[in-house]
Amino acid sequence: MPVETTTSSLRIPIEICEDIIDILALEDPSSLKNCSLTSRLFVPRSRSHIFHSIVLGHSDTVYRNGESLDALLSKSPEIAFYIRNLRWIVRYVDFLSRGLMQSFQMLHNLESFHLGTRPNDYSNLPIYLRWQGSEMDFLRPSLQHILQLPTLRALHLDAGILQFPVSYIRNSSIKSLELSHGELWDDEDGVTDALRSCPLESISVWFNQTEQVGSMTSLVQVKGQNGRPVIDVTSLKEISVPSIRVELFNEAWPLFQGGNLSKIKVYHIDDPLVLQRLPDYLGPALERSLRHLILDMTIREGRSASMSLSLMNSLSKLRGTNCVERIELILGVDTDMEFDIPMEWRAIDEQLAGDGWPRLRDVKLTMSPATFDSDPSSAFCLALRDLPKTHFTKLAASSKVNFDFLYDHIFV
């Protein structure tokens, strides 16, 4: 039973005790339950950590199904106050869980919601939720309750979520949106000039199929002469967009036009054309707001020279009037087909280590060779490992720029 401790009987101020509980939450989370049993005064702070984040639908989590969460909240409904982050991996049994739906209706302080149908370890085959399908009739009201919470700040839609209405994004209070392989549905008919745009600050899009071009379009398109898009691009501060499909990269153009972006990541760059167009995409933010630029590229035999030349030319155009403080280059290399290391990499080294970057302080180069059946100790792989000694010598010796080189060999 909890010890009856009052404020007057504490020799240590409660603020100090709460600070200790905060530290335990980072160093020894399992001890929080004992803290909550030590004193009633410790219960709120301990619960704020114990129940801060909940994952449903994974075998390794405590509340692995909706009924167990319902049992907890039915016995102690005040615990719902402390739940801030919820990840729900939807399973077939959830379509029959009335207790789970009742639990969702009790959540009023949720800040982050991650909705998907597949765990990270891919231990189960995903199911697909079509938002307009009849199978969603049971789940939809409780999900709508969560999506309309004024406290909700982050939404992550994972694989398996199909036909998700863009109007929910427009009318939400979220500041961060992450889309992973799912599908959006434009459910807004007619012009949108009387509607608000969602003032997102961060968006990360992980689309890789041509069929998902429409989903990208639905976020940024303008209907009518004075129509407003679903998201307000002028409020964006961070974006992460794919370029594995040039069509997707083309549709992402409006995301770059807000002019207030401080962090931009372009990943899956596999086409020199994307690198050639990069200066135009970065232009609105380059001089006034862009601080952090991340370029994730794939280098392979047959395109190594053209990719390196395009990167060199783009960096040359970006030099001059800019406020970039950190540049990250992630080079995924297919090592099963060896190729000559491009001489342009030395020119890239000279550009990044030289003038034209008045605020540049950090450059990180990650070399990620992917090996299927080649020898990771081959001369080619060893040459990639030694790039700071052979091709990026100026950055490695620079006193103005902090150069971080990471060699991360991936076995496929």
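The following exercises, each with a worked solution, concern a predicted model of a protein.

**Exercise 1. Describe the overall make-up of the protein: how many helices and strands does it have, and what percentage of its residues is buried?**

Solution.
Step 1. Begin with the secondary structure, which comprises 15 helices and 17 strands.
Step 2. Turn to the dimensions: along the principal axes, the C-alpha atoms fill a box of roughly 70 × 60 × 45 Å.
Step 3. Consider burial. Of the 412 residues in the protein, 49% are buried.
Step 4. Examine the contacts with a separation of 6 or more; 77% of them are between residues 24 or more positions apart.

**Exercise 2. Identify the residues of the largest nonpolar core that touch the most other members, and state which helix gives the most to this core.**

Solution.
Step 1. Recall a general tendency: in soluble globular proteins, nonpolar side chains tend to be buried together.
Step 2. The largest nonpolar core here holds 108 residues, and W88, F113, L255 and F256 touch the most other members.
Step 3. The helix that gives the most to this core is α10 (residues 272–286), with 7 residues.
Step 4. Take L255 as an example. Residues up to four places away in sequence are not counted, and L255 then touches M216, V220, I231, V233, L236, I239, V241 and L261.

**Exercise 3. Determine whether helix α8 (residues 213–220) is largely enclosed or not, and give the elements against which its buried residues pack.**

Solution.
Step 1. List the buried residues of α8: V213, S215, M216, S218, L219 and V220.
Step 2. Compare with the length of the helix. Because 6 of the 8 residues of α8 are buried, this helix is largely enclosed by the rest of the structure.
Step 3. Name the surroundings. The buried residues of α8 pack against α7, β8 (176–180), β9 (184–185), β10 (202–206), β11 (238–242) and α9 (246–251).

**Exercise 4. Describe the linings of the 2 cavities of 30 Å³ or more by residue class.**

Solution.
Step 1. The largest cavity has a volume of about 60 Å³, and its lining includes M297, S308, W345 and F392.
Step 2. The elements that give two or more residues to this lining are β13 (292–299), α11 (304–318), β14 (326–334) and α12 (344–353). The largest share, 3 residues, comes from α11.
Step 3. By class, the lining of the largest cavity has 10 nonpolar residues, 1 polar residue and no charged residues.
Step 4. The second largest cavity has a volume of about 40 Å³. Among the residues that line the second largest cavity are R170, D186, E188, S218 and P229.
Step 5. The lining of the second largest cavity divides into 2 nonpolar, 3 polar and 5 charged residues.

**Exercise 5. Is R170 buried or exposed, and which backbone oxygen does its side chain reach?**

Solution.
Step 1. Locate R170, which lies in helix α7 (residues 166–170) and belongs to the lining of the second largest cavity.
Step 2. Apply the cut-off: buried means under 20% relative accessible area. R170 has 1% relative accessibility and therefore counts as buried.
Step 3. The side chain of R170 reaches the backbone oxygen of P229 at 3.2 Å.
Step 4. Beyond its neighbours within four places in sequence, R170 is in contact with several residues, including E188, T192, R228, P229 and V230.

**Exercise 6. Which residues are closest to the centre of the second largest pocket?**

Solution.
Step 1. The second largest pocket has a volume of about 230 Å³.
Step 2. It is lined by 13 residues, of which Y128, L162, H181, G182 and Q212 are the closest to its centre.
Step 3. By class, this lining has 4 nonpolar, 6 polar and 3 charged residues.

Terms used:
Residues numbered from 1 in each chain as written. Predicted model: local features only at pLDDT ≥ 70, side-chain atom pairs only at ≥ 80, totals over all residues. Heavy atoms only, no water. 1 Å grid on protein atoms, 1.4 Å probe; cavity = no way out; pocket = protein on both sides within 12 Å on 5 of 7 lines; lining within 4 Å. Points joined across faces, edges and corners; volume = space filled by probe spheres on them. Nonpolar A, V, L, I, M, F, W, Y, C, P; charged D, E, K, R; others polar. Core = buried A, V, L, I, M, F, W, Y, C linked by side-chain atoms within 4.5 Å. Buried < 20%, exposed > 50% of the residue type's maximum accessible area, 1.4 Å probe, protein only. Helix = DSSP H or I, 4+ residues; strand = E, 2+ residues; numbered from the N terminus. Contact = heavy atoms within 4.5 Å. Polar contact = N/O pair within 3.5 Å; in protein donor to acceptor, adjacent residues only side chain to side chain.
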